[in-house]
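Reader: Could you walk me through this structure? I am a first-year student and would like the terms explained as we go.

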Amino acid sequence: MPSPDAIEELTRAVLARLNDDLPAADRFPTDPSTPILGDGGVLDSLGVANFIVGMEEAVERAFGAPVSLSDQDLMGLFAESTVTVRSFAAFLSNRLNT
Amino acid sequence: MEGVRRDLVLVSDFNLTNFANILRGRSDLPWEVRVAPLDQVVTSLSDPPSTKTSAFVWTRPERISTEYQKALLYQPPDASRALAEVDAFADLLQRAAQQHHALYLPTWQARASDRFGARELDHATGVHALLARMDLHLAERLDGTTNIHRLNSTRWLQHAGENAWSDRLWYLTKTPFSNAVFQAAADDLLAVAGQLTGHAIKLIVLDLDDTLWGGIVGDDGWENLHLGGHDPAGESFVDLQRTLKGLKERGVMLAIASKNERSTALEAIAKHPEMVLRESDFVAMRIDWNDKGANVADIIRELNIGARSVMFIDDNPVERARVREFLPDVLVPEWPSNKLLYDRTLRSLPVFDLDTRSREDSRRTELYLAEAERVRSRVDHTDVETWLRSLGTVVEAKPLNDADFARVHQLFGKTNQFNLTTYRWTEKELRDRMDDPQRPVWSFRVRDRFGDAGLTGILGLDLHAPDKAVITDLVLSCRVLGRKVEETMLHVAIAQARRAGKERVEAHYLPTAKNKPCLDLLLRSGLQRTGDTFTWDTARTYEQPGTLELVMAGPIA
């Protein structure tokens with residue numbers, strides 16, 4: 001099953017792909033500590049939607065395992081009020097491995 | 001891309017914010033992009049905008065036609081009512097076209113994955129047949145409205161493949177398509193807009209060996225080239241040549257830059273029975289052992305066209321890199337190593353879109369060949385004045401009329417270098433000027449002993465002010481620049497202002513990245529300069545150049 005590092009790499013790749021579709025002034029950092037969801041998150045509501053759809057598709061392509069994130073309240077799945085690239089990857093890795 | 005920056009408003013019944021972001025990320029974007037409120041197509045198109053605004057109107061057919069909506073839910077549709085609903089939409093678009101600079105209208109799409117049984121394509125009741133009829137009906141209704149440009153969205157969906165439609169994004173954000181579709185749409189939209197503002201490719205410079213034919217003519221001999229016959233590569237080269245010939249008929253010029261013995265290459269072009277292109281199809285040829293970058297630059301100089309209008313095709317990556325380095329504005333597409341893909345590669349390039357076909361477009365090769373003869377004749381004369389007199393140039397000026405309207409509108413849209421303001425008049429604005437004696441427009445045709453350059457110049461005046469005439473437009477095709485036609489246009493402007501009782505003529509130059517040739521004329525014209533405004537007192541005559549004959553037609557005679 002995918003390691004947390006592999007998921008983190010995939011998460012950053014999806015964020016980089018989102019950046020490619022944005023004007024230069026609107027692009028955001030993709031390092032592991034970047035808050036992406038919740039308080040202080042760099043993604044707006046459309047960005048969050050693009051991100052979770054991008055993650056679902058990328059996970060299925062990379063690991064052949066479907067994962068559903070878009071059909072539920074994503075923030076409700078997290079205990080923290082701010083989700084970083086790394087904490088999102090850890091959450092997803094845990095979900096894929098259980 | 002244009003001298004006057006315009007707005008592009010995205011109007012849709014679905015969420016186009018992702019598309020807007022992709023457009024805003026493009027460095028060559030000619031517009032400020034904004035998104036109209038979601039699903040307010042009628043309101044957004046009914047609000048009169050400024051004529052500097054263009055609209056990109058992307059709708060779903062089920063929002064235009066309730067009958068089509070019924071059909072999607074497996075109810076039998078009433079096709080005649082569906083077409084009446086399309087009529088209502090067409091009426092809205094035509095009204096909007098009067099108020100906007102341009103409308104861009106992607107074709108409707110149905111999801112190919114939706115299945116409606118064996119009769120889905122039946123003329124009377126089939127869902128997919130109904131959509132095809134609606135689309136065709138809309139095309140027929142909009143035919144002739146020249147500032148509505150329909151865009152082929154099928155290509156965008158094919159580009160995106162099976163992930164073109166995104167149900168996830170639809171339910172989360174009301175965005176039906178993935179960003180791959182929007183990327184392809186942005187490519188297409190910018191290509192069409194570029195063509196409309198004079199940035200289409202006008203010249204293709206071609207290598208010969210393993211580009212226009214298979215093999216090395218100097219080694220193999222023309223009889224042994226792969227060209228036509230029962231040979232996959234030979235067939236593909238013939239198809240490529242046919243495509244190039246077709247582009248030439250649409251006004252794209254062809255030239256050769258090849259490292260070869262000239263006589264050997266010309267023999268192949270003349271004698272090979274399967275050659276589609278012959279020597280007369282090329283406006284210029286550099287067949288020698290010189291550097292290709294320098295040779296392409298030489299051709300561009302000879303034809304006096306902008307490097308951004310030029311494409312270079314060569315199978316050799318080293319030569320492609322050389323031309324890219326030497327001439328960064330020239331388009332050098334990556335070329336496949338597999339010869340069977342040459343024709344498709346050329347045909348898929350989004351750089352040849354054309355809007356209004358004009359007589360001048362299809363005659364472009366002939367016109368430039370005449371120009372080459374004209375330039376060659378220059379060496380026979382010791383001074384420019386004598387040479388210009390020897391050309392026997394005749395300039396014919398006449399008020400804008402219906403017969404010349406399409407060409408004048410096209411020339412406004414495509415001329416960048418000799419253009420006072422680079423303002424792109426909409427068709428409606430231009431028609432309004434035809435009926436307004438205070439804002440006259442004249443067209444200029446130019447011919448000489450080498451050929452007829454056709455309608456190549458436009459002069460516009462505003463006579464509203466009591467004491468002055470303002471030159472609103474001074475536009476001249478680069479193909480006749482430097483032959484005193486531009487000075488003749490100033491002469492006409494000033495003579496007409498005096499005739500209208502004006503004390504002075506003003507020209508307000510609006511600089512762009514490309515229109516310095518117009519500034520150069522104003523600087524050498526003798527008009528008095530204050531900033532970007534140039535003035536002439538009509539008490540003084542502005543002499544007509546003596547090297548050409550001016551024929552005035554219509555009321556200004």
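Author: The following conversation goes through the chains, their contact and a few single residues.

Reader: What should I know before we start?

Author: This is a predicted model, in which local features need pLDDT of at least 70 and side-chain atom pairs count only at pLDDT 80 or more, while totals for chains, interfaces and linings use all residues. Residues are numbered from 1 along each chain as its sequence is written, chains are lettered from A and ligands numbered from 1 in the order in which they are written, and side-chain values use heavy atoms, with hydrogens and water left out.

Reader: How many helices and strands are there in chain A?

Author: Chain A contains three helices and two strands. Helices (H or I, at least four residues) and strands (E, at least two) are DSSP runs, numbered from the N terminus. Along the sequence of chain A, the order is α-β-α-β-α.

Reader: What is the radius of gyration of chain A?

Author: Chain A has a radius of gyration of 12 Å, which agrees with the value near 13 Å for a compact globule of 98 residues. The radius is taken over C-alpha atoms, and the globule rule is 2.2 Å times the number of residues to the power 0.38. The C-alpha trace of chain A spans about 40 × 25 × 25 Å along its principal axes.

Reader: And how much of chain A counts as buried?

Author: In chain A, 45% of the 98 residues count as buried. Buried means under 20% relative accessible area, exposed over 50%, and partly exposed in between (1.4 Å probe, protein chains only).

Reader: Moving on, what does chain B consist of?

Author: Chain B has 22 helices and 18 strands. Its radius of gyration is 27 Å, close to the 24 Å that the globule rule gives for 557 residues, so chain B is as compact as a globular protein of that length. The C-alpha trace of chain B spans about 80 × 75 × 40 Å along its principal axes. Of the 557 residues in chain B, 56% are buried.

Reader: What about contacts within chain B?

Author: Among contacts in chain B with a separation of 6 or more, 71% are accounted for by residues 24 or more positions apart. Contact means heavy atoms within 4.5 Å. In chain A, the corresponding share is 62%.

Reader: How many charged side chains does chain B have?

Author: Chain B has 71 positive and 81 negative side chains, and the centres of the two sets lie 3 Å apart. Lys and Arg count as positive and Asp and Glu as negative, whereas His and the chain ends are not counted. The place of a charge is taken as NZ of Lys, CZ of Arg, CG of Asp or CD of Glu. In chain A, the mean positions of the 6 positive and 15 negative charges are 6 Å apart.

Reader: How many residues are in contact between the chains?

Author: At the interface, 14 residues of chain B are in contact with 14 residues of chain A. The two chains bury about 1200 Å² between them, with 55% of that area on carbon and sulfur atoms. In chain B, B:N21, B:R168 and B:L172 lose the most area to chain A, together 43% of what that side buries. Buried area is the accessible area (1.4 Å probe) that two parts lose on being put together, summed over both.

Reader: Now single residues. Where is B:V441, and is it buried or exposed?

Author: B:V441 belongs to strand β12 (residues 441-448) of chain B. B:V441 counts as buried because its relative accessibility is 6%. Not counting residues up to four places away in sequence, B:V441 touches several residues, including B:K398, B:L400 and B:I458. The C-alpha atoms of B:V441 and B:K398 are separated by 8.5 Å, although the two are 43 residues apart along the chain.

Reader: What is notable about phi in B:K174 and B:D210?

Author: B:K174 has a positive phi of about 60 degrees although it is not a glycine, and B:D210 also has a positive phi of about 60 degrees without being a glycine. Most residues other than glycine have a negative phi. B:K174 lies in the loop between α8 (167-173) and α9 (179-196) of chain B, and B:D210 in the loop between β6 (203-206) and α10 (217-220).

Reader: Are those two buried or exposed?

Author: B:K174 is partly exposed, with a relative accessible area of 35%, whereas B:D210 counts as buried at 17% relative accessibility.
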